[in-house]
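Visitor: I am new to this structure and would like a close look at a single part before anything else. Could you begin with one place in a loop, and then lead me outward from there step by step?

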Amino acid sequence: MKRETIWRHLTLMPAIVLFALLTLLPLANLVTLGFDDVQWLDRQAVRTWVGLANYARLPADNLLRSGLLNTLIFAVAAVALQLVLGFVLALLTTRILNGRTFYRTVFILPILVPGIVIGAIWKLMYSYDFGVLNQLLALVEIAPQDWLGSSHLALLSVIIVDVWHWTPFCFLILLAGLESLPEDIFEAARIDGAGGWQILRYITLPLMLPTLAVTFVFRMILAFKVFDEIYLLTGGGPGTATEVISFTIYRRFFTENQTGYGAAMSVAVILVIASLILAATRLTARRGVKP
Amino acid sequence: MKNVTKHVRQAVAAAALPLAVLAAAPGATAAEQPITIVINQSPWFPGFQAVVEKYVKETGNQVQLDINPFAGSLEKQRTAVRTGTSPFDLLIMNAGFFVEFYKGGFLEPLKAIDAKFALGPGIGDFDQTVCWNAAKSTLDCKTGELMSVPINPNVLLLHYRTDLYKEHNLKVPTTWEQLYANAKVLKSARVYGISQRGQRGAFDVTYDVFPYIWAYGGDILKSNADGTFTVAINSPETLAGMEMYIKLARDVGHPSTAGQTQTNVIQNMATGRAAHINSVPAPALFDDPSQSAVVGLVGYAEPPGTEKYGTATPLGHWLAGVPKNIPDPRKKAALAFLGWFQTDAAQRAYAEAGSLPVSLTVLNSDMANQPKFRWMKALAAALPHSRLPFSITESSQVLAITELRLNQAIGGEMPLRDALNKAAAEIAEVMKAAKYTYQTLPDLK
C-alpha cells in the first residue's frame, strides 16, 4: 500500500473510532438486548437469554400494529401535503421580485418554534371548550368538534400540526433548488412559446425531481420518527387513533420497563424503516432520479 | 459581542429552569450536605416548593429540585438508581410505580441510615405502602422495613359547586346514583353535570375509574389473602362500575370525556363549566382569583359509593425514598429533610402553601374549620377508605393495557364488555409471563 494511502486511512481513524463508539456500539448493544429478558434484583440487572422470544411477540402486539399503520398514514399524508405546499410556496416566492426576504422569513417561522411550544399552541387551539377553532366554528353556527378526542379526527388534527410545522423545511430546500435552476432553459422555452403550465410540467418539475426526491426522503425519515407532537397533543389516543411507532417503543421500553422487548421492537422498526427508505430510493433511482 | 454573551446567558438560564436551586438565607449555617430531589410537576408541586424553601431558610441546608413531567420523573429515577452513583438524594415516587424501586433493592431502608428514624406522629402509613418485606415481597409494616415517607396524600375527592347546590337545594351525594340525579339537575347549556378524566395516559383513566368500580364491588387485579391474584377487570361488578361511569359521561358529562386529561377536568371546574369533578385536590388553584372563576364556590366530599360497598378512593400518593447508591453523608442529609418535613410546623406550612399535608393530626386540627382549608375534613374522611390499586412490579404493564381498553370503551371505539374481556386476557398474559399465581373469570357475555 502506498504511503499516501496509509496516511489517508490513519487520518480517518479518529472519525471511524468515534463513529463506532457513538453509533455502532449502542446499536450492537440494542441488538443483543433484544435477545434478553432484563429484570432488576438487588440493584443488579439480571439478563436472561430468551432467543427470538421477544421478536416472536411482535406480530401479536396490538399497539405495534396500530403504531405502524398510523405512522405510515401519518408519514405519507403529512409529507405529501408538505411537499405540495412547500413547492407551491417556493414557486410563488421565486416570482416575487420585491420583499422576497420578508416572505422567506415569514414562511420559515414555524420551523423555528420548538416542538413543546407547538404542542402547547395547538393544544389550546384544538381545545373543545376554549379553542379558537371551535370558537370560529361557533361564529358560523357549526357545532364544536372534538379535534383531539375523537378517533375520527385526532390523526388528521396531528397531521395538520405536522404540516404547519414542517412545510417550511420543504419550502426552504425546494426554494434553494428552484433558485439554482439554469435560467437560460426557461428563457428558451418562453421564446419557443411555452406557457406557464407547460414550463412547470415539462421543465421545472423534471429538473426539480432530484431535489424533490431528497426532500421526500429527508422528511419521510423525520416523519417516521415523530414523537413530540403526538406526546403533547394526544398521548397516542384516543384509543390507538394516533399511536405511532416511536411512541409505542417509548411506552414498551421506558414506561413499561420492558427493556428486552423494547430493544427487539426498536431493531425491528429500524429494519422496517430502512427497508421503506431503501425501496423509496430505489423507486426514484429507477425513474432516473439520483437523490 | 455583548449581545451574544447576553443571549447565551439567557439561553443557559432558560435551560437551567427545570432545576431550581434553593439557596439558604445569609445567616443560616448548613449542617448537612446539599441534596437534590427529583420530583414531578403536579398541581401540588408549588406547595412542596414553598415548604422546601422554608426548610432551606430555617436550616441553611441546600436543596435542588429537579422538576419533570410524570413519566419523565419515573425515567430519571430509574436511570439514577441503576447507575454507579445516583445524582438524586430523594426520589419522589408515585403509588403507581414505587414497588418497582422497593423490589429492585434500589432504596436504602430508612432505619439503616438512622436507627432512630420513624414516621412522625400522625403521619399515616398509607395502606402500609411505606414498608417493604423483601423476603416475602409484600408491603407490610409489621414485618417489613420502613422504606419511605409519604409526601403527598393524593386521593380522589368529589368537587362540587356549592353555589349551584344551594340554588337548587341539593344534598351532597353519597352514592353514584345521587350524584347522577344532582348532575342531571345542574346540567345546562353552559355547565356540564360532571367532567371526568377519560384520556389514555400513564395512570390516568384507570386511576379515575377506581372509585366507580370499587363502589360496585369490582376491581382490576385483586390481591387475595393467600398471595394469589384474581384478574377481576371482567367481573360483573367491574362492569357495573364502568357502566355507571359511562352513563354519567353520556348523559350529564363532557362530550369529549375520552379526550379529557386531568388538566382539562380541573380547568372545567376552575372556569365554572363543570358542576362536579372527581379529582386529586388542587384547592389553592380554585381559590386563586387569578386562576379561577369559582373562588370560594367549590365544596369537597368523599367520592360517592354505593349502599352495599360504601366508598373507596385509589391511593395516588407520593412517597419519598433514599437511593442506595449515594454516599452516606448524602443519605443522612436526605433523611434530615424527611425528618423535618414530618414535623407539625412543616405540615401546617405545607397546607398553608396550598398542598395537602400527610399528617392526620393537621388534617383533623383547628385548621380544618377555616374556610380556606374546607377540603381537609373531606380528605381526612376519605383517607381511611383509600386503597392501593396495584402492588406488583409489573403494574406499568397492566396500566398500559387498562389505559387503552378503558379509553376505547369510554370513547365508544369498542363495546364495554369486549374491552373488559380483552383487557382481562391481556392482563392474564402479563401475570403469566411474570410467573404469578392467578385466577381468571369467565368472559362477560
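Guide: Pro238(A) sits in the loop that joins helix H10 (228-233) to helix H11 (245-255) of chain A, and here, in what is a predicted model, the peptide bond that runs from Gly237(A) to Pro238(A) is cis, with omega near -5°. Such a place deserves a second look, because most residues other than glycine have a negative phi, and most peptide bonds are trans. Chain B has a loop to set beside this one: between helix H5 (110-113) and strand S5 (131-132) of chain B lies Phe126(B), a residue that is not a glycine and yet has a positive phi of about 50°.

A positive phi also appears in a turn of chain A, where S1(A) and S2(A) form a hairpin with 2 residues between them, and Asp42(A) in that turn has a phi of about 50°. The two arms of the hairpin are strand S1 (residues 36-41) and strand S2 (residues 44-49) of chain A, which pair in the antiparallel sense over 6 bridges; within this pairing, Asp36(A) stands opposite Trp49(A) of S2(A).

Staying in chain A for a moment, you can find a salt bridge between the side chains of Glu179(A) and Arg104(A), with 3.4 Å from N to O. This pair ties together distant parts of the chain, since Glu179(A) belongs to helix H7 (residues 154-179) and Arg104(A) to helix H4 (residues 100-112) of chain A, 75 residues apart. Over all chains, the count of salt bridges comes to 30.

From chain A we can cross to chain B, where the two chains meet. The contact takes 31 residues from chain A and 38 residues from chain B, and between them the chains bury about 2,600 Å², of which 46% is on carbon and sulfur atoms. Between chain B and chain A there are 2 salt bridges, and one of the pairs that meet in this way is Arg273(B) with Asp129(A), whose side chains are 3.3 Å apart, N to O. Across the same interface of chain B and chain A, 19 residue pairs are in polar contact, with both residues at pLDDT 80 or more. On the side of chain B that touches chain A, helix H3 (70-82), helix H4 (98-103), helix H10 (262-270) and helix H16 (395-410) of chain B each supply at least two residues, and H16(B) gives the largest share, 7 residues. Sorted by class, that side of chain B has 18 polar, 11 charged and 9 nonpolar residues.

Chain B also holds open sheets that are worth following strand by strand. In one of them, 3 strands stand in the order S11-S8-S12 with antiparallel pairing; its edge strands, each pairing on one side only, are strand S11 (276-279) and strand S12 (298-301) of chain B, and the twist averages 25° from one strand to the next. Strand S8 (residues 157-161) of chain B pairs with S12(B) over 4 bridges in the antiparallel sense, and there the bridge partner of Leu158(B) is Ala301(B) in S12(B). Across S8 and S12 of chain B lies helix H15 (residues 375-382) of chain B, running at about 150° to S8(B).

Another open sheet of 3 strands in chain B has the order S9-S10-S16, and its pairing is mixed. Its edges are strand S9 (221-223) and strand S16 (438-439) of chain B, each pairing on one side only, while strand S10 (residues 229-231) of chain B pairs with S16(B) in the parallel sense over 2 bridges. Here Phe229(B) stands opposite Tyr438(B) in S16(B). Helix H17 (residues 416-433) of chain B lies across S9, S10 and S16 of chain B, and runs at about 150° to S10(B).

Notes:
Residues numbered from 1 in each chain as written. Chains lettered and ligands numbered in written order. Predicted model: local features only at pLDDT ≥ 70, side-chain atom pairs only at ≥ 80, totals over all residues. Heavy atoms only, no water. Pairing = 2+ DSSP bridges. Contact = heavy atoms within 4.5 Å. Axes fitted to C-alpha atoms, helices over the stretch in contact; angles between N-to-C directions. Buried area = accessible area lost by both parts, 1.4 Å probe. Salt bridge = Lys/Arg side-chain N within 4 Å of Asp/Glu carboxyl O. Polar contact = N/O pair within 3.5 Å; in protein donor to acceptor, adjacent residues only side chain to side chain. Nonpolar A, V, L, I, M, F, W, Y, C, P; charged D, E, K, R; others polar.
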